[in-house]
Amino acid sequence: MLLEVRKLTKYFGGLGAVKEVDLHIEEGEIVGLIGPNGAGKTTLFNLITGFYRPTSGTIRFLGEDIVGLKPHDICQRGITRTFQVVKPLSKMTVLENVMVGAFSRVISKEEARQAALQELEFTGLLPKKDLLARSLTLEERKRLELTRALATRPKLILLDEVVAGLNPRETEETIAIIKKLSNRGISATAAVEHVMRVIMSISHRIIVLHYGEKIAEGPPQEVARDPKVIDAYLGESYA
Ligand SMILES: Nc1ncnc2c1ncn2[C@@H]1O[C@H](COP(=O)(O)OP(=O)(O)O)[C@@H](O)[C@H]1O
Ligand SMILES: [Mg+2]
């Protein structure tokens with residue numbers, strides 16, 4: 001097993017953002033993490049990647065306890081993430097941004113450049129490589145972040161709201177890239193708030209968070225019919 005999370009809990013003062021969540025990810029698996037705004041998806045990613053320390057619970061990656069490790073160390077071990085709010089290094093070019101990711105794995109500039117070029121080709125961003133990151137559209141910035149994350153050569157990538165704000169064509173393109181991750185043996189967990197249909201179509205398994213708790217888990221078709229899940233979503237949209 002790649003990742004095994006047990007009874008993971010994070011309180012901010014009296015607020016339980018993540019409560020006793022169990023989660024496991026297998027190699028090459030694509031897992032959809034869905035839940036309304038505030039459900040705890042981003043917090044869960046922050047816990048797994050070492051940005052927050054859990055209140056309680058365990059996180060094991062490739063059999064080793066990673067709680068307490070710094071984000072950089074966790075990245076070295078093979079977990080990386082993208083951020084809900086994308087923030088590329090705006091005064092650097094696209095290529096340089098991706099090289100920053102690659103430097104977590106390689107030492108020489110030339111190796112980093114080669115690795116970055118390969119990932120840019122994989123995500124289709126190669127034609128933009130010499131542009132300044134700040135001149136990119138939202139879609140391209142999201143794509144850049146994904147490319148930079150891939151350049152760290154992850155075994156598991158956590159994608160936070162990867163398709164939020166994208167139009168249908170851009171969404172399809174991003175989905176195609178995520179599907180290809182599996183072929184490279186990279187596992188992915190994609191957190192999404194409102195694009196149920198999209199995540200249903202690419203995930204091997206779906207996990208539903210609601211007020212910090214896991215309320216459902218299973219194959220996409222099963223989860224979509226689950227009354228608890230339907231309630232959680234209707235509750236949100238009528239609120
Ligand atoms: N750093 C923080 N300090 C205090 N409360 C937080 C912090 N981060 C998240 N929260 C709260 O935790 C809950 C879960 O938030 P979040 O993980 O961002 O949900 P999601 O990503 O599913 O929308 C929310 O109520 C949010 O306000
Ligand atoms: Mg979030």
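In the predicted model, helix H3 (residues 94–102) and helix H4 (residues 109–123) approach until their axes come within 8 Å, and the two axes cross at roughly 115°. Angles from 65 to 115 degrees count as roughly perpendicular, and H3 and H4 are therefore described as roughly perpendicular to each other. Their crossing is right-handed. On the H3 side the contact is formed by Leu95, Val98, Met99 and Ala102, and on the H4 side by Ala112, Arg113, Ala115, Ala116, Glu119 and Leu120. Eight residues of this contact are nonpolar and two are charged, while no polar residue takes part.

Helix H3 also packs against helix H5 (residues 138–151), at an angle of about 35° and with the axes 6 Å apart. The crossing of H3 and H5 is right-handed. From H3, the residues Val94, Asn97, Val98, Val100, Gly101 and Ala102 make the contact; from H5, Leu144, Thr147, Arg148, Ala149 and Ala151 do so. This contact of H3 with H5 consists of seven nonpolar residues, three polar residues and one charged residue.

The remaining pairing among these helices is that of H4 with H5. The axes of H4 and H5 come within 9 Å and cross at roughly 135°; H4 and H5 are therefore oblique to each other. The crossing in which H4 passes H5 is right-handed. Ala115, Ala116, Glu119, Leu120, Phe122 and Thr123 of H4 meet Arg143, Leu146, Thr147, Leu150 and Ala151 of H5. Seven nonpolar, two polar and two charged residues make up the contact of H4 with H5.

The strands are considered next. Six of them form an open sheet with mixed pairing, in the order E6-E7-E8-E3-E9-E10. Strand E6 (79–81) and strand E10 (213–218) are the edge strands, each pairing on one side only. On average, and with direction ignored, neighbouring strands of the sheet are turned by 20° against each other. Strands of a sheet pair through backbone hydrogen bonds, either parallel or antiparallel.

At one edge, E6 pairs with strand E7 (residues 156–160) in the parallel sense over three bridges. Arg81 stands opposite Leu158 in E7. At the other edge, E9 and E10 run antiparallel and are joined by five bridges, with Ile206 opposite Gly218 in E10. E9 and E10 form a hairpin with two residues between them, and Tyr211 in the turn has a positive phi of about 45°.

Two helices lie across strands of this sheet. Helix H1 (residues 41–48) lies across strand E3 (30–34), E6, E7, strand E8 (187–192) and strand E9 (205–210), and runs at about 150° to E7. Helix H6 (residues 168–183) lies across E3, E7 and E8, running at about 150° to E8.

Helix H1 also takes part in the surroundings of ligand 1. The shell around ligand 1 is formed by Phe12, Leu15, Ala17, Gly35, Asn37, Gly38, Ala39, Gly40, Lys41, Thr42 and Thr43. Strand E2 (15–25) and H1 each supply at least two residues of this shell. H1 gives the most, with three residues. By class, the shell around ligand 1 has four nonpolar residues, six polar residues and one charged residue.

Key: Residues numbered from 1 in each chain as written. Chains lettered and ligands numbered in written order. Predicted model: local features only at pLDDT ≥ 70, side-chain atom pairs only at ≥ 80, totals over all residues. Axes fitted to C-alpha atoms, helices over the stretch in contact; angles between N-to-C directions. Helix = DSSP H or I, 4+ residues; strand = E, 2+ residues; numbered from the N terminus. Parallel < 35°, antiparallel > 145°, perpendicular 65-115°, else oblique. Left-handed = near helix turned anticlockwise from the far one by under 90°. Contact = placed C-beta atoms within 7 Å. Nonpolar A, V, L, I, M, F, W, Y, C, P; charged D, E, K, R; others polar. Pairing = 2+ DSSP bridges. Near = placed C-beta within 6 Å.
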